[in-house]
Amino acid sequence: MKPRKSLLWLIPITLLIDVGLTVPATRYGSAFILLWLLPGLAWAGLLAGRHRGPGPEEIAVGLGLGMGSVTVLTLLLSYIPGPLPVSALLVAANLIILTLALVASRSPLPNPGFRSSDSRSAPDPCSLSILHCSLFISIAALFRLVYLGYSEFQGDEGIVMVRAARAILGDGQQLFYHQKGPVEVLLPTATWTMSGTINEWQARLPFAFAGLLGVAALYLLARHWFNKRSALVAALLLAINGYFVGFGRIVQYQSPVLAATTLGLLALWHWSEGGARRWLLSGAALLAFGLLAHYDAALALPAAVYVVGRRLWAKQSQWRTWLGDVLGAGALALGILALFYVPFALHPNFAKTLSYLGEARIGTGGPLYNNLLPSLPLATFYNSAYYLIGVGCLVIVASFLSFHRLGLLLPTACLLLLILQGPIGQLGALNDVADPQVWVGPVLATLLAGILLSPRSSGASRAAWLWFGAPFLFYYFLVWDPRTHVLNAFPGAVLLAGHALDRLLHLIPPPLLQKAPFRWRTPLFQKAPFRWRTFFRHCSLFIDHWSLTLLLLAVFLLLAYHPYLMFVQHNPEIKRTWPAHQPTLYWRPDDEKPLFGYFGFPYRAGWKVVGALVREGTLSGVYASNEEQEITDWYIPGAERTYCPNPEWVLIAHNVQDEVSVPRAEIETSYDLWGEVRVAGQPKLWIYHRGSTAAPPQIFDVEDHVTRFDAHTTPASAIPPPPSDYVPAGYTLGDSVPSEWPFLKSDCVPSEWPFLKSDCVRLLGYRIDTANAHPGGDVHLVIYWEALSPMETSYQVFNHLYDGTMWGQRDGTPGCGLRPTVLWEPGQIVRDEYTIPIAPATPPGDIPLLIGMYSLDDGERLPVRDPSDSIQYEGRRSDSISDAIPLTVVPVR
């Protein structure tokens, strides 16, 4: 067979895309294609070999490998000191594409033995598969791409984007402060580096693309595990799943995790069915990429281990050969993970991350919980109750398929106990049982074990049950606060639901048309070309059972309309106007809206108007707002924010999700409405200015300012500038790392070393107003702190007018109680304000002002080091000068 050289077309296309990067109008599109499409196509060619074109599996897995390889490459470049160079990323991306294209054109013929032992699971290319793919991809794209840029960045998105900006500018430590995997920061980092500027839909597009890839991968996997009809049902159910729709529309890790884990399982299954070693390596690399995105990907490992062990068990005579391949793939995965997690484990923020995951998420009141009912209010906000009931019922049906005769007693008993958990829980409460419903988890774990051990379970069904059961049992019964993390159970759940529905449809008797005499049947079917007869034969169920088809279509539309209302359409913004616009078509078990856990719901307040006004100098001064700081930091980084009384400006957004308290009564009496921001003609944000304003409020339409704002969203513009007009100080609180220890990146010492303190903060400077400094008066002080290391203790700030006698004192949590030190991150500058009362008996004269920090737990103060001190390391650190900063002298008159 003559070798094909078709992949060489990638070389001129890549060069053309490089040229497109130089044109502003095509720069983003070229960056997206260069980073997220062309490397994947090159990987697909390598998987397919030179004797045939890439098939659907090769293209899907290749795109996943392309996304993973570019992300890992960006991670490595971020470790290089200094800003992330565009040229380095450009050259590296080109080398990946060109190298893979050349290698693929010379690679040998791959092993074509990817066929399942079940004849139904052997996918054959036909018109029906193209129809299926077009259907679910179109539906998934509708829910993930339409109005993708309508919503402004939400809280966690703002954090990710600011981290990406800092990483591009050279702060590689941002990845270690994130307390998750680095992928959700690295994706916008790579895109932004190439595109130069970025807006909401541009930042979200790689994540939406990963979501589409995850849906396609699930379809391909289900075709091999079950059949085409099961795969179509599973893909459609996942395409409209509210969790994945919401997270597929924002800058978050869930979509990359879905794509990486599903593609990893697909590649491993390919290998387990006789595929070449390259599929094993691809599966291991993809699962490692998923773990770089988030720890949730670890919940797919039980299914992956089973798939790999399945081939080892089937080929026991060759287990030594296969074991070597498996160990090599494992080493590859560990090597990829080590690129991030080894330096992360050595970083001071690692201990804080473990503490957060162990206490705030998993909890300390276990070891068992029951989140089935408590999670329903949030689950029925993302998905309709009908969707959850339907998928749940089909999963229950799937659990019965693995048993026969007496074995059916096990799922029956578990189902009855599940139904009766409410009455049993009430009975346990009457008998003073602490948590009478924690037994549900062990019962369902027993059912899962029975399914896995049942001889009637196929290898594919065992893998699907492991993929569903591991995250289901973990997040519903072992985690105290799972929130939206329960979404990890849904890929496996929809696979089982599609399989169960397919088996139920097989129970329907043959339609009347199939029983009719041969001469009554439509002659067109018999005279059609062979490929059309094949198409009609595969579609016969949907052609003949037209009433059933209409019924299933109606049910699907009912289920799909809910996520469309909640996430795609935005007039009205249902979540932000709840319950005024609550969909009456969909019943919910609880009318109350949960307090937390909302992501991806549409909302636009018009913050780009404020950002443009601040950039132009129209708005200047300190502001307060009812919106969380993660959002305002992105849209108005050039302005100082305070949480204390009497700011110059107050910005009030409509229907804020996580609202910050602002003094509404003071606004009504001491502030005038200066401006009003409108979205689609509706007022959404109000700008108040302290003092009286004779002019009427100005009206701003956000549509007129979007382009101006987006044109300036460079990484440098996204970083808040340092404050100006303050008295510099430079004192350091805590213990610094000796300069002889260059292997530590942080300016402070890790808490794992008990002989040194872990927390460290620098006093940049201050502003002080002594106009009212008289006996019985006060002093207004503004302090600027800079965190140098992650804080594990919530320190209080003390401000003392002290000359041997305490003449004035004000202690408090920084930021008027709303910026505790445990939330500070290295590099952040925190504005901290205090009004220090002066005792009426204070004698006139100059009184020293001392400030510092102390722990509320034991009252111990952080030691202070003068900026002129230098560290001398001779087995011990240098002594600090004091435990208080002699800030200035206050003249009391």
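**Entry 1: the five-stranded sheet**

I started with the open sheet of 5 strands in this predicted model. I read its strand order as S1-S2-S4-S3-S5, with mixed pairing. Strand S1 (623–625) and strand S5 (698–701) are at the edges with a single partner strand each, so one side of each has no neighbour in the sheet. From one strand to the next, I get a twist that averages 20 degrees.

Next I looked at what lies against the sheet. Helix H28 (residues 607–616) packs on it and touches S1, S2, strand S3 (671–679), S4 and S5. The helix direction makes about 35 degrees with that of S4.

I then followed one pairing inside the sheet. Strand S2 (residues 649–653) runs antiparallel to strand S4 (residues 682–690), and the two share 5 bridges. In this pairing I find Ala653 opposite Leu685 in S4.

**Entry 2: a hairpin further along**

Which residue takes a positive phi in the hairpin of S9 and S10? I found Gly804, with phi near 110 degrees, in a hairpin that has 3 residues between the strands. Strand S9 (residues 795–802) and strand S10 (residues 806–812) pair in the antiparallel sense over 6 bridges. Leu801 has Gly808 of S10 standing opposite.

**Entry 3: salt bridges**

My count came to 20 salt bridges. I looked up a few of them.

Asp325 and Arg277 meet through their side chains at 3.6 Å, N to O. This pair links distant parts of the chain, with Asp325 in helix H14 (residues 319–345) and Arg277 in helix H12 (residues 277–293), 48 residues apart. Is Asp325 buried or exposed? Asp325 counts as buried because its relative accessibility is 15%, and the cut-off for buried is under 20%. Arg277, at 49%, counts as partly exposed.

Arg483 and Asp481 form another salt bridge, at 2.9 Å, N to O. Here Asp481 is buried, with a relative accessible area of 15%, while Arg483 is partly exposed at 32%.

Back in the sheet region, I checked Arg678 and Glu676, whose closest N and O atoms are 2.8 Å apart in a salt bridge. Arg678 is partly exposed, with a relative accessible area of 28%, and Glu676 counts as buried at 12%. I also noted a network: salt bridges that share partners join Glu640, Arg767, Arg831 and Glu833.

**Entry 4: on the surface**

I turned to a nonpolar patch formed by Leu142, Leu558, Tyr561, Tyr564 and Leu585. Together they have about 420 Å² of accessible area. Which helix gives the most to this patch? I found helix H27 (residues 546–568), with 3 residues. Tyr561 lies in this helix, H27, and counts as partly exposed at 41% relative accessibility.

I also looked up Leu16, in helix H1 (residues 10–20). Leu16 is exposed, with a relative accessible area of 57%. From the C-alpha atom of Leu16 to that of Ser30, I get 8.9 Å, with their positions 14 residues apart along the chain.

**Entry 5: the whole protein**

I closed with some totals. The protein has 31 helices and 14 strands. Of its 893 residues, 56% count as buried. Among contacts between residues at least 6 apart in sequence, 76% join residues at least 24 apart. The accessible surface comes to about 37,700 Å², and 63% of that belongs to carbon and sulfur atoms.

Conventions
Residues are numbered from 1 along each chain as its sequence is written. This is a predicted model: local features need pLDDT of at least 70, side-chain atom pairs count only at pLDDT 80 or more; totals for chains, interfaces and linings use all residues. Side-chain values use heavy atoms; hydrogens and water are left out. Two strands pair if DSSP finds at least two bridges between them. Helices (H or I, at least four residues) and strands (E, at least two) are DSSP runs, numbered from the N terminus. Axes are lines fitted to C-alpha atoms, for helices over the stretch in contact, and angles run from 0 to 180 degrees between N-to-C directions. Contact means heavy atoms within 4.5 Å. Patches are made of residues with over 30% relative accessible area and no salt bridge: like charges are joined within 9 Å, nonpolar side chains (Val, Leu, Ile, Met, Phe, Trp, Tyr) within 5 Å. Accessible areas come from the Shrake-Rupley method with a 1.4 Å probe; for residues, only the protein chains shown count as cover. A salt bridge is a side-chain nitrogen of Lys or Arg within 4 Å of a carboxyl oxygen of Asp or Glu. Buried means under 20% relative accessible area, exposed over 50%, partly exposed in between (1.4 Å probe, protein chains only).
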